Amino acid sequence: MRLLLVTAGTRGDVEPFLALARAAAASGLDVRVAVPVNSGASVEGLNVVSLAADFSSMVRQQGASVLAAARSFRAIVRPAMRNVIVGAARTALAYRPDVIVAHPKVLSAPLIAAALDIPHVLVELAPTVTPTRAFPAAGTVTADLGSLNRSTYRAASLASALFVDALDEAAGLLGVTRSATPSPTSTLMPISPALLPRPDDWPSEVHMTGPWLHDEAAAAVDPDVAAFLAGGPFIYAGFGSMASGDPAARGRSLVLAARDRGLRLLVATGLGGIEVPARLRGDDVLTVGSVSHAQVLPHAVSAVHHGGIGTIQAAMRASTPSVVVPFMADQPFWGALLHRQGLAPAAIRPGQLTSTRVGRALDAATLHRPAVEGLSRQLGAEDGTAAALATIISYG
């Protein structure tokens, strides 16, 4: 069985696909993964094709801002998406897979499935495509709109209109018309139903598998990080691929809030979302580019992060309470969900991240630890990667 996995975006969009690819290869499948460049995720040992789209560089240039993306749409966003849409088509023609598994940003995936007459498995890392009455689409609003919730999912279907030229180019390569867009054979969500209860009105073809993870326990830990982990209680802070506003002000607030509580601070700067000013550095603060959540979060008192679903589920699996600072996209959805379910204090907007607010949230987060530990036990019983792979293999 030849399996093609295609994803687009930054590290959080790439790592679940790589975990699935490793599991599929270990089970004997012939797997190829098409990914953007410079995501920061390790592709070692995998059969990888580059889509020549650098979403991380895009974030560094314009920050995590919808407005900035709109301003740079013609010069930056459209060329990157063209590389994804057309690159996926070229990769599929060269590889001739039996199944394609694709991120929603890979708008040519339905065309590929139609051209090659193969199943198309859609991967929703957050609920943005499959409509439900239970809650609005992630990335739209956080308030429950009741009967109007389903209408918020229309936004996903409008994306194709922004990239018509690229879709026409891909369709021409594949020998199909742009109207050849069959519905996905199935949809996989690397989300735990213990975290997000499955809506009753989702079709049976939608599978909530739990997170897709690759075992990192045996991987070597950076010596500086290992020494820091052994040094006593600490707070973890990292905003992943988010970079906007004033990172130095955020770093100052985090350091002061941690020190006020007699705690150390481990900062993952990611793409620049946090910067610790030189005058505030000390033995109680360690700054690194990135860390393995699986190796670090189980040792943290709490985690301050942007609310990406990968980080949220990693923190929950580690029984580590979260303070969510959502920047954009689906992050406010997850921050509101955690607070509503009693798993975290109310989220803090990035522009309101003062040391006082962070401190209060850290104090409140400790009160949520029993609920987080209960969810951790449920997540620990899941093997999302195996569940997703079983669904895919059934189409072989």
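Let's start at Leu145, which you will find in the loop between strand 5 (120-123) and helix 6 (154-157). Before I go on, please keep in mind that this is a predicted model.

So, is Leu145 buried or exposed? The label here is partly exposed, because its relative accessibility is 35%. Leu145 also has company: together with Val141 and Leu148, it makes a nonpolar surface patch of about 230 Å².

Now let's move to the loop between strand 2 (30-35) and strand 3 (48-50), where Gly45 is found. Gly45 counts as exposed because its relative accessibility is 79%. If you look for Arg22, it is 23 residues away from Gly45 along the chain, and the two C-alpha atoms are separated by 8.4 Å.

Asn38 lies in that loop between strand 2 and strand 3 too. With a relative accessibility of 54%, Asn38 counts as exposed. Have a look at its backbone as well: phi of Asn38 is near 55 degrees, a positive value in a residue other than glycine.

Just past strand 3, we come to the loop that leads to helix 2 (55-62), and here we meet Leu51. Ala52 is found in this loop between strand 3 and helix 2 as well. Ala52 has a positive phi, about 55 degrees, although it is not a glycine.

Let me stay with Leu51 for a moment. Buried or exposed, what would you say for Leu51? It counts as buried, because its relative accessibility is 3%, and the cut-off for buried is under 20%. Which residues is Leu51 in contact with, once we leave aside its neighbours within four places in sequence? They are Val6, Thr7, Ala34, Val35, Pro36, Asn83, Val84, Gly87 and Ala88. As for Leu174, it is 123 residues from Leu51 along the chain, and 17 Å separates their C-alpha atoms.

Next, please find helix 4 (residues 73-95), where Thr91 lies. Thr91 has a relative accessible area of 8%, so it is buried. Setting aside the neighbours within four places in sequence, the contacts of Thr91 are Leu4, Arg32, Ala34 and Val49. You may remember Ala34 from a minute ago, since it is among the contacts of Leu51.

For the last part, let's turn to the aromatic rings. A pair of aromatic rings is described by two things, the distance of the centres and the angle of the planes. How many aromatic pairs do we get, counting rings whose centres lie within 6.5 Å? The count comes to six aromatic pairs. Phe228 and Phe234 form an aromatic pair, with 5.7 Å from centre to centre and 65 degrees between the planes, and this pair is edge-to-face. Both of these residues, Phe228 and Phe234, are buried.

There is also an aromatic cluster to find on your screen, formed by Phe135, Trp202, Phe333 and Trp334.

And where do charges come in? The charged end of Arg264 sits over the ring of Phe228, at 4.1 Å from the ring's centre. So Phe228 appears twice in our tour, because its ring also pairs with that of Phe234, with the centres 5.7 Å apart, inside the 6.5 Å cut-off for a pair. Over at Tyr95, the charged end of Arg2 sits over the ring, 4.3 Å from its centre.

That's the end of the tour, and thank you for listening!

Definitions and conventions
Residues are numbered from 1 along each chain as its sequence is written. This is a predicted model: local features need pLDDT of at least 70, side-chain atom pairs count only at pLDDT 80 or more; totals for chains, interfaces and linings use all residues. Side-chain values use heavy atoms; hydrogens and water are left out. Rings of Phe, Tyr and Trp (its six-membered ring) pair if their centres lie within 6.5 Å; planes under 30 degrees apart count as stacked, over 60 as edge-to-face and the rest as tilted. Buried means under 20% relative accessible area, exposed over 50%, partly exposed in between (1.4 Å probe, protein chains only). A charge sits over a ring if NZ of Lys or CZ of Arg is within 6 Å of the ring centre and within 35 degrees of the ring normal. Helices (H or I, at least four residues) and strands (E, at least two) are DSSP runs, numbered from the N terminus. Contact means heavy atoms within 4.5 Å. Patches are made of residues with over 30% relative accessible area and no salt bridge: like charges are joined within 9 Å, nonpolar side chains (Val, Leu, Ile, Met, Phe, Trp, Tyr) within 5 Å. Accessible areas come from the Shrake-Rupley method with a 1.4 Å probe; for residues, only the protein chains shown count as cover. A salt bridge is a side-chain nitrogen of Lys or Arg within 4 Å of a carboxyl oxygen of Asp or Glu.
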